[in-house]
Amino acid sequence: MPIRLEPVTEKFVARVTGVDLGKPLGLVDRADIVAACDRYGTLVFPGQHLAKEELVAFGAVFGEVDTTLQTKLMNRVQNRLGMDTLTDISNLDADGNVAHAQHWQTITTIGNRFWHSDGSYKDLPIRYSILNAVTTVGYGGETQYADLRAAYDSLDEATKVLIADKIGIFWSHNTRDWLKIADSPEERSAFPKVRWPMVRTHPGSGRKVLWCDSKVWAIEGMSLPEGRALVHELIEHIGQREHVYSHKWEAGDLIMADNRSTAHRGRRFDHSERREMRRVETNDNVRSLGVAADGEVG
Ligand code: OGA
Ligand code: MN
């Protein structure tokens, strides 16, 4: 049976039903999902209560599953799910109890509250991020997705000209530093800073993308203050309501987002409530412009 698509808007976000993602996907379903993701950027599949292995198997249909985040950073503290192919997006400790406010697992997910595309700081970035909700909270805890193509289109002409040839330097620890998360020198250098054009073309739709998020540490050719002020402005622009879909999670919801055309952020919730999500990510097949020369720029 073909998948059923209900677009939220004509060009961004669709609800997808008529498919059980816990079962092996047929070639047709795979192609339909890729085409829908190319067009809508973010797909919401309700009612998908997947086992860990089923979630990883679903992700693996769309590319190589990333393990670098787990092996380079997350496993250093805990690996509650016991798999390098899955990331534990929860506020739970290693025993599965709600972690206290100062616990590393609680602190580390706070970084997700800033607009970002997953893996924007990596030389080999992430194409699809797939989030599956296990336990959801009462107040808040939404995830918001922003359309980076619409965000590019709605920039004024002078800004389009200003950023046309600009290169952003993205760093995994940009937000963590700002949040004063006390990572070790090895953690801070696990992913060297990488360079990306601030305007990219999304291969799936041929549309231009405003490629800027909270991981941008500097803009090449601009002073640090000027570059950072511009980044702040562009992120505000991305987060404007007309570019954003806000998802209030229910258990079993699964969202597949194309990081090449979207950014997202998590919203605040009460950390004493249990919030449990699992995430699988697939690698893209493009590379950044290369590693940035370290140190101060501008
Ligand atoms: C993520 C993420 C936001 C959230 O898992 O990549 O940014 O709402 N999550 O948990
Ligand atoms: Mn994320």
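Hi everyone, let's start with one pair of residues: T143 has H247 in strand 12 as its bridge partner. Before I go on, please keep in mind that this is a predicted model.

That pair belongs to the contact between strand 6, residues 143-147, and strand 12, where four bridges join the two in an antiparallel arrangement. As a quick reminder, strands of a sheet pair through backbone hydrogen bonds, either parallel or antiparallel.

Now let's widen the view. Strands 12, 6 and 14 make up an open sheet of three strands, in that order, with antiparallel pairing. Strand 12, at 244-247, and strand 14, at 262-266, are the edge strands, each pairing on one side only. From one strand to the next, the twist averages 20°.

Next, have a look at strand 7, which covers residues 167-170. Which way do its side chains go? I167 and I169 point one way, while G168 and F170 point the other way, and all of them are buried.

And what does strand 7 pair with? One partner is strand 8, residues 194-197, reached through four bridges in the antiparallel sense. There, I169 stands opposite R195. Strand 11, residues 216-219, is also joined to strand 7, by three bridges and again antiparallel. In that pairing, F170 has V216 as its bridge partner.

Last topic: cysteines. A disulfide is a covalent bond between the sulfur atoms of two cysteines. How many disulfides does a search of the whole structure find? Zero. As for individual cysteines, C37 is buried, at a relative accessible area of 0%, and C212 also counts as buried, at 3% relative accessibility.

Thanks for listening!

Definitions and conventions. Residues are numbered from 1 along each chain as its sequence is written. Chains are lettered from A and ligands numbered from 1 in the order in which they are written. This is a predicted model: local features need pLDDT of at least 70, side-chain atom pairs count only at pLDDT 80 or more; totals for chains, interfaces and linings use all residues. Side-chain values use heavy atoms; hydrogens and water are left out. A disulfide is a pair of cysteine sulfur atoms within 2.5 Å. Buried means under 20% relative accessible area, exposed over 50%, partly exposed in between (1.4 Å probe, protein chains only). Two strands pair if DSSP finds at least two bridges between them. Axes are lines fitted to C-alpha atoms, for helices over the stretch in contact, and angles run from 0 to 180 degrees between N-to-C directions.
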